[in-house]
There are 2 protein chains.
Amino acid sequence: MTNELVWDRPEPPSRPSPTPLSRELIVRAAITLADGGGLDEVSLRKVAAALNAGPMRLYGYIETKDELLDLMVDEVYGEITPPDPSADWRTGLRHIAHEIRDAAKRHEWLIDLLGGRPNRGPNSLAFMESTLGTVGFESIDDVMSAVAAVMAYVYGAVRNEITEIRAERSTGLTEEQWQRASGPYIERMLATGRYPTLARFIYEGGHPDPAQRFDSGLTYVLDGIATRHSPASKPGG
Amino acid sequence: MTNELVWDRPEPPSRPSPTPLSRELIVRAAITLADGGGLDEVSLRKVAAALNAGPMRLYGYIETKDELLDLMVDEVYGEITPPDPSADWRTGLRHIAHEIRDAAKRHEWLIDLLGGRPNRGPNSLAFMESTLGTVGFESIDDVMSAVAAVMAYVYGAVRNEITEIRAERSTGLTEEQWQRASGPYIERMLATGRYPTLARFIYEGGHPDPAQRFDSGLTYVLDGIATRHSPASKPGG
DNA sequence: TCTGTCGGCGATACAGTGTATTGAGAAATA
DNA sequence: TATTTCTCAATACACTGTATCGCCGACAGA
């Protein structure tokens, strides 16, 4: 009984009585709303309203709200350009990592949906296909392990970055300003002297730009993979 | 109809000695509920009911529901034992990574709350304090960068693992069984021949135990850090 | 002991949410 | 033209977080 048949449902015969609808239209409307005002803006009523339709109308095209969210995620996966197939695994993985980060910055809501449920839409699968394909190690398990590690890092790093962006927006301050200004609560906590190391880091730490931070962490992961697996000649496999 | 039976009226709230409340009690009740039935079980009404109180009573101790969630997260941070201060950075970070993973498996809801908002409770800060303290590199920025990378990886890896556990629970099948059995939808997609690499991985890949997978990814990150930073003698910074 | 104020707490209310059910009205078929 | 079928909107329900209000017990002063 569990869902199934989610991604390739046939469109219902479109009665052109009101404005015709389609899954595509619905998903795009939802994405537009989410891009503009966050995931809170994506309620079935609001999406329907954006399409001049009653809320229940959507259920002709969509089984449940979760399905709509899955579709939104898959749509964004479709925006991701696969790595050059002739690239070596390092540049391939690096390319993909940055693609995901870029997509998540275009659609800040993406990261809230990404880890939550398994993504098995066609674009997600195509993404995995090209990602796995870019790593040419001999052992399948080595490839899986490397890709999983990179994806885990990317996911966590992007999440942190987006969370930070949101916090800055909600306080109207940059983290740097905020530390100096500074959040009276944190100020008080640090003043207790219970967190000397933390205090030192906050006051003395530099603030490299986020892209660079992301990339240097990514470099750790790639270096670590490289130390344990042979470069493995790409063509031929 | 002059009803009435005035004598055995249900005793009007003769102050049934409202159980004394506290933030601690509320947070513990919320955690118990969440451990039992997931975050959905944590509504103010349900938490209040578990404490024999009306929903509005909680607002005497808590500003908003988000604050309650923050408190829950911080409580779990309190369960985490810091690394041995004499340990080198590698074993220190490894210890912390596993502590977080263990905590997230004890409290499956944790990972849904972790990345969402900045965690600045006392236990979270203490956690950061000991985490930063365990890495003795000379440059502050190198420490930050290393810790951030490890935490990002841990976060992403744990998220994937928990998501997988949930999916298995909801389908009643292990991922391995599921692939063999197998989800008719995925089956169909793979049969299209559009995802040859993916198909090969699914059918031929091994399924190492999750703890091992987590640890091997972690090893990549630690190795990568090691290649770029000097071991740095621990005592006497 | 009576009275007045105060304050904590419960009930109620409101604007939302996702979705099941129902009912109307139009198109397709006989 | 009559009947069936099918789409879509309206309504309804259970639930959410939270603002407001009003009761009622407890204490202060007379």
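Copies are superposed by least squares on the C-alpha atoms of residues with pLDDT of at least 70 in both. The exercises below concern a predicted model.

**Exercise 1.** Determine what turn and what shift lay chain B on chain A, and name the resulting relation.

*Solution.* Step 1: a turn of 180 degrees, with a shift of 0.0 Å along the axis, lays chain B on chain A with an RMSD of 0.1 Å. Step 2: the two copies are therefore related as by a two-fold rotation axis. Step 3: both copies use the same surface, since 91% of the contact residues of chain B recur in chain A.

**Exercise 2.** Classify the crossing of α7(A) and α7(B) as parallel, antiparallel, perpendicular or oblique.

*Solution.* Step 1: the axes of helix α7 (residues 140-171) of chain A and helix α7 (residues 140-171) of chain B cross at roughly 110 degrees and come within 7 Å. Step 2: angles of 65 to 115 degrees count as roughly perpendicular. Step 3: α7(A) and α7(B) are therefore roughly perpendicular to each other. Step 4: the contact of these helices has 14 nonpolar, four polar and two charged residues. Among the residues that meet are Tyr153(A) and Gly156(A) in α7(A), and Tyr153(B) and Gly156(B) in α7(B).

**Exercise 3.** Describe the surface near DNA strand C.

*Solution.* Step 1: there are 15 residues around DNA strand C, and Ser43(A), Thr64(A), Lys65(A), Gly54(B) and Arg57(B) come nearest. Step 2: helix α2 (residues 44-50) of chain A provides the largest share, three residues. Step 3: by class, the residues of this surface are seven nonpolar, four polar and four charged.

Conventions:
Residues are numbered from 1 along each chain as its sequence is written. Chains are lettered from A and ligands numbered from 1 in the order in which they are written. This is a predicted model: local features need pLDDT of at least 70, side-chain atom pairs count only at pLDDT 80 or more; totals for chains, interfaces and linings use all residues. Two residues are in contact if their C-beta atoms, placed from the backbone, lie within 7 Å. A residue is near a molecule or strand if its C-beta atom, placed from the backbone, lies within 6 Å of it. Helices (H or I, at least four residues) and strands (E, at least two) are DSSP runs, numbered from the N terminus. Ala, Val, Leu, Ile, Met, Phe, Trp, Tyr, Cys and Pro count as nonpolar, Asp, Glu, Lys and Arg as charged, and the others, Gly among them, as polar. Axes are lines fitted to C-alpha atoms, for helices over the stretch in contact, and angles run from 0 to 180 degrees between N-to-C directions. Angles under 35 degrees count as roughly parallel, over 145 as roughly antiparallel, 65 to 115 as roughly perpendicular and the rest as oblique.
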